[in-house]
Amino acid sequence: MIKKKYIQFHIGNVLFNSHIDAVHAQAPNSDQFTGDIIKGVIDKIDASGIVAIISRNEMDINRPREKKNAPAIDEYRNAIKEIIVSKNILDSNGKLTKNYLHIAVHGMKDNEESEFEVGTFKGNSCSHKIEKWFVNKLKKISSKVSVNNVFTGEKSEINHREGDTKSGYSGYGKNFNTIQLEISRTWRKYKQNELIDFLSTIIIEFDKEFN
């Protein structure tokens, strides 16, 4: 892992057109165990991954770029760029030439209705086809899956597609697909191996299915 001031990241296998991250992995107020899950996927299949080492209380990477969180956001965006550039899938305008999957792993409290929630900001951060494929895969390990219900994703995640003119971030176009995956505490604490296996399979099968 390459360690920066606010994040640590792994370039990973250049053949995987994806990366996985945990931007709320650092205490206090962390999504517990999410960093361990990301590192587990990296270790298992050499996936590209990013883990925050700054608390959201100090700088929240999963929010629009503002003065307070700008240093961490810029470092995070630069890591994504390094990962994507390594895969040689950008055209002359800096847009993706292949489908790319970003899985943003978060944590939620246990509840009776959902063990997982998939958020795509109401379909704006991810293509409907890829969202549907991901949800169908997820339902094979849990019958309690909700989509864009409580945790619908963050507006900041759309910036990776459409850009952020305010900060000069151009974005990578419609081929950049972000899925925010909220995982219940029970799964994060007691079923880490199952989660690592699932996420590893998703990353491997994504390119076979969509590229």
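User: What makes five residues in the lining of the largest pocket count as charged, and how do the others divide?

Analyst: Asp, Glu, Lys and Arg count as charged. Ala, Val, Leu, Ile, Met, Phe, Trp, Tyr, Cys and Pro count as nonpolar, and the others, Gly among them, as polar. The lining therefore divides into two nonpolar, seven polar and five charged residues. This is a predicted model: local features need pLDDT of at least 70, side-chain atom pairs 80 or more, while totals for chains, interfaces and linings use all residues. Numbering starts from 1 along each chain, and side-chain values use heavy atoms, without hydrogens or water.

User: Which residues lie nearest the centre of the largest pocket?

Analyst: H24, R56, H106, F151 and E182, among 14 lining residues. β5 gives the most, with three residues. The volume is about 180 Å³.

User: What lines the second largest pocket, and how do those residues divide?

Analyst: R77, N78, K81, L90, G94, Y169, S170, G171 and Y172 line it. They divide into three nonpolar, four polar and two charged. The volume is about 150 Å³.

User: Why is the set around I103, F134, L181 and L199 called a nonpolar core?

Analyst: A nonpolar core is made of buried Ala, Val, Leu, Ile, Met, Phe, Trp, Tyr and Cys residues joined through side-chain atoms within 4.5 Å. Buried means under 20% relative accessible area with a 1.4 Å probe, protein chains only. The largest such set has 34 residues, and those four have the most contacts inside it. α6 (192-210) is one of the elements supplying at least two residues. α6 gives the most, with eight. Apart from this core lies another, of 22 residues, among them A72, I84, L96 and Y172.

Notes
Buried < 20%, exposed > 50% of the residue type's maximum accessible area, 1.4 Å probe, protein only. Helix = DSSP H or I, 4+ residues; strand = E, 2+ residues; numbered from the N terminus. 1 Å grid on protein atoms, 1.4 Å probe; cavity = no way out; pocket = protein on both sides within 12 Å on 5 of 7 lines; lining within 4 Å. Points joined across faces, edges and corners; volume = space filled by probe spheres on them.
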